[in-house]
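Please open the model in your viewer and keep the sequence alongside it, since each stop on this tour begins with a selection.

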Amino acid sequence: TILRYGEDLTSEQKNALGLNEKQMAFKQRERVHSRARDAGIQGGDVILGVDGHSLMGRDMIGFLSWVRHNYLSGDKVKIDVLRDGKRMSFPYTLRNR
């Protein structure tokens, strides 16, 4: 798994961050899986996508499903996040649950 579940942002929260309201965006829980934490993901990060794919119209569950459908265990990806108003990408190697 990539990330621990978090809360999907509302349209208002997305607008406040300057995001399209249809863009997938969810807030990472404070407790972060050790592999994600080692990659640089922090609690409170807003997850925007993977490898530059913004995944319009998807929620967090749709994002995880999309990743499982398009990548294999062992693939290297970049997790796109928003932290303190800055966009960042963190390299991450996918693993089985």
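Where is Asp59 found? Select this residue in what is a predicted model, and you will see that Asp59 belongs to the loop between strand 3 and helix 3. Asp59 counts as partly exposed because its relative accessibility is 37%, a value that falls between the 20% and 50% cut-offs. If you leave aside residues up to four places away in sequence, the contacts of Asp59 are Asp8 and Met24. For a sense of scale, add Val81 to the selection: it is 22 residues from Asp59 along the chain, and the two C-alpha atoms are separated by 15 Å.

**Strand 3 and its partners**

Next, select strand 3, residues 46-50. Of its 5 residues, 5 are buried, so strand 3 is largely enclosed by the rest of the structure. On strand 2 (26-27), look for the antiparallel pairing with strand 3, which extends over 2 bridges, and note that Phe26 stands opposite Ile47 of strand 3. Then turn to strand 4, residues 76-83, which also runs antiparallel to strand 3 and is joined to it by 4 bridges; here Gly49 is the residue that stands opposite Asp80 of strand 4.

**The salt bridge**

How many salt bridges does the structure hold? There is 1, and to display it you should select Asp45 and Arg83, whose side chains meet with an N to O distance of 2.7 Å. This pair links distant parts of the chain, given that Asp45 sits in the loop between helix 2 (34-39) and strand 3 while Arg83 is in strand 4, 38 residues apart. Show the accessibility of both partners as well: Asp45 is buried, with a relative accessible area of 2%, and Arg83 is buried too, with a relative accessible area of 14%.

**Helix 3 and what it packs against**

Select helix 3, which covers residues 60-70, and colour its buried residues, namely Met60, Gly62, Phe63, Leu64, Trp66 and Val67. With the strands displayed as well, you can follow how these buried residues pack against strand 1 (7-8), strand 2 (26-27) and strand 3 (46-50).

**The aromatic pairs**

The structure holds 2 aromatic pairs. For one of them, select Phe26 and Phe63, whose ring centres are 5.8 Å apart and whose planes make an angle of 55°, so the pair is tilted. Like the salt bridge, this pair links distant parts of the chain, with Phe26 in strand 2 and Phe63 in helix 3, 37 residues apart. Are these two rings buried or exposed? Phe26 is buried at a relative accessible area of 1%, and Phe63 counts as buried because its relative accessibility is 0%.

Now move to Trp66 and Tyr71, which form an edge-to-face aromatic pair with 5.9 Å from centre to centre and 65° between the planes. Trp66 is buried, with a relative accessible area of 15%, and Tyr71, also at 15% relative accessibility, counts as buried.

To end the tour, return to Phe26 and keep two views of it on screen: in one, Phe26 stands opposite Ile47 in strand 3, and in the other, the ring of Phe26 forms a tilted pair with that of Phe63.

Note on methods:
Residues are numbered from 1 along each chain as its sequence is written. This is a predicted model: local features need pLDDT of at least 70, side-chain atom pairs count only at pLDDT 80 or more; totals for chains, interfaces and linings use all residues. Side-chain values use heavy atoms; hydrogens and water are left out. Buried means under 20% relative accessible area, exposed over 50%, partly exposed in between (1.4 Å probe, protein chains only). Contact means heavy atoms within 4.5 Å. Two strands pair if DSSP finds at least two bridges between them. A salt bridge is a side-chain nitrogen of Lys or Arg within 4 Å of a carboxyl oxygen of Asp or Glu. Rings of Phe, Tyr and Trp (its six-membered ring) pair if their centres lie within 6.5 Å; planes under 30 degrees apart count as stacked, over 60 as edge-to-face and the rest as tilted.
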